[in-house]
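The following exercises are to be worked with the sequence and the coordinates at hand. Each task is followed by a solution in steps.

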Number of protein chains: 2
Amino acid sequence: MILEVATLDVKPGKEQNFEEIFVEAQKILSSMDGYISHQLQKYIEKNNRYILLVNWETIEAHTVGFRGSAQYQQWRTLLHHFYDPFPIVEHYTAVHGNNQD
Amino acid sequence: MILEVATLDVKPGKEQNFEEIFVEAQKILSSMDGYISHQLQKYIEKNNRYILLVNWETIEAHTVGFRGSAQYQQWRTLLHHFYDPFPIVEHYTAVHGNNQD
């Protein structure tokens, strides 16, 4: 299992709109092959920062399957205009812990 | 519930030793009041980067309870010498998703 981590800096003032649109956008994410689960969390120390954590079965489910899909174009249209700067996405794999979800 | 996120850059060559010591150190973490769960994950694109995700009942359980505890001194002794640079720790709270663990 792979954990995708994206720190999302949303343009100031657009936070509420972003959170509303994300409700729709997450339906795309959760319909993809190889998708397991996700969380969107809001940074406490700074108003316009979020973190998106997505569990995928494999890295390719994200980088090839999702990003190469027709649905990704819709995801991009819904969300990418909110970000400044454009987010860096990282992939992790579990080492230790009691919570692999 | 609060999510603590720490990106950990471990000194190159020290990764295996860090992972071994972390097995011991995580016992301290999971014994703390207000601790819920944690994951240590390894960055796929870069050998010496990790992410530590810890769920706490409140932000104070981490920032006051854990950091003010005697056990934190032991945690620091075990782990802090591995990091370069010293990690920035962020706190998040859930907005959306199907996985709040």
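**Exercise 1. Determine how strand E3 of chain A is paired, and in which sense it runs relative to each partner.**

Solution. The model examined here is a predicted one.

Step 1. Take E1(A) as the first candidate. E1(A) and E3(A) are antiparallel and are joined by eight bridges. One position in this pairing is Asp9(A), whose bridge partner in E3(A) is Arg49(A).

Step 2. Take strand E2 of chain A, residues 35-43, as the second candidate. E2(A) also pairs with E3(A) in the antiparallel sense, here over seven bridges. Within E3(A), Leu53(A) is the bridge partner of Gln39(A).

Step 3. Examine the connection. Five residues lie between E2(A) and E3(A), and the two strands form a hairpin.

**Exercise 2. Decide whether the residues of E3(A) are buried or exposed, and assign them to the two sides of the strand.**

Solution.

Step 1. Recall the expected pattern: side chains in a regular strand alternate between the two faces of the sheet.

Step 2. Assign the sides. Arg49(A), Ile51(A), Leu53(A) and Asn55(A) are on one side, while Tyr50(A), Leu52(A), Val54(A) and Trp56(A) are on the other.

Step 3. Apply the criterion for burial, a relative accessible area under 20%. The residues on both sides of E3(A) are all buried, and both faces are thus covered.

Step 4. Conclude. Because eight of its eight residues are buried, E3(A) is largely enclosed by the rest of the structure.

**Exercise 3. Characterise Glu57(A) by its location, accessibility and contacts.**

Solution.

Step 1. Locate the residue. Glu57(A) belongs to the loop between E3 and helix H2 (59-66) of chain A.

Step 2. Classify the accessibility. The relative accessibility of Glu57(A) is 52%, so the residue counts as exposed, the cut-off being over 50%.

Step 3. List the contacts. When residues up to four places away in sequence are not counted, Glu57(A) touches Met1(A), Ile2(A), Gly34(A) and Ile36(A).

Step 4. Add a distance. Gln71(A) is 14 residues from Glu57(A) along the chain, and their C-alpha atoms are separated by 18 Å.

**Exercise 4. Carry out the corresponding analysis of strand E3 in chain B.**

Solution.

Step 1. Establish the pairing with E1(B). This strand and E3(B) run antiparallel and are joined by eight bridges; Asp9(B) stands opposite Arg49(B).

Step 2. Establish the pairing with strand E2 of chain B (residues 35-43). Seven bridges connect E2(B) and E3(B) in the antiparallel sense, and Tyr35(B) has Trp56(B) as its bridge partner. These two strands form a hairpin, with five residues between them.

Step 3. Assess the burial. Arg49(B), Ile51(B), Leu53(B) and Asn55(B) point one way from E3(B), Tyr50(B), Leu52(B), Val54(B) and Trp56(B) point the other way, and all are buried. The strand is accordingly described as mostly covered, with eight of its eight residues buried.

**Exercise 5. Locate Ser69(B) and establish whether it is buried or exposed.**

Solution.

Step 1. Ser69(B) lies in the loop between helix H2 (59-66) and helix H3 (70-79) of chain B.

Step 2. Its relative accessible area is 11%, so Ser69(B) is buried by the criterion of under 20%.

Step 3. Leaving aside residues up to four places away in sequence, Ser69(B) touches Met32(B) and Val64(B).

**Exercise 6. Identify the cis peptide bonds at Pro85(A) and Pro85(B) and place these residues.**

Solution.

Step 1. In chain A, Asp84(A) and Pro85(A) are joined by a cis peptide bond with omega of about 0°. Pro85(A) is in the loop between helix H3 (70-79) and strand E4 (89-97).

Step 2. In chain B, the bond between Asp84(B) and Pro85(B) is cis, with omega of about 0°. Pro85(B) lies in the loop between H3 and strand E4 (89-97) of chain B.

**Exercise 7. State what operation superposes chain B on chain A, and through which surface the copies meet.**

Solution.

Step 1. The operation is a rotation of 180° with 0.0 Å of shift along its axis, and the RMSD is 0.0 Å. This is the relation of a two-fold axis.

Step 2. Of the interface residues of chain B, 100% are also interface residues in chain A; therefore the copies meet through the same surface.

**Exercise 8. Describe the largest pocket by its volume and lining.**

Solution.

Step 1. The largest pocket holds about 510 Å³ of space.

Step 2. Its lining comprises 21 residues, and those nearest the centre are Thr7(A), Arg49(A), Glu90(A), Thr7(B) and Glu90(B). Two or more lining residues come from each of strand E1 (2-9) and strand E3 (49-56) of chain A and strand E1 (2-9) of chain B.

Step 3. By class, 14 lining residues are nonpolar, two are polar and five are charged.

Definitions and conventions
Residues numbered from 1 in each chain as written. Chains lettered and ligands numbered in written order. Predicted model: local features only at pLDDT ≥ 70, side-chain atom pairs only at ≥ 80, totals over all residues. Heavy atoms only, no water. Least-squares fit on C-alpha atoms with pLDDT ≥ 70 in both. Contact = heavy atoms within 4.5 Å. 1 Å grid on protein atoms, 1.4 Å probe; cavity = no way out; pocket = protein on both sides within 12 Å on 5 of 7 lines; lining within 4 Å. Points joined across faces, edges and corners; volume = space filled by probe spheres on them. Helix = DSSP H or I, 4+ residues; strand = E, 2+ residues; numbered from the N terminus. Nonpolar A, V, L, I, M, F, W, Y, C, P; charged D, E, K, R; others polar. Buried < 20%, exposed > 50% of the residue type's maximum accessible area, 1.4 Å probe, protein only. Pairing = 2+ DSSP bridges.
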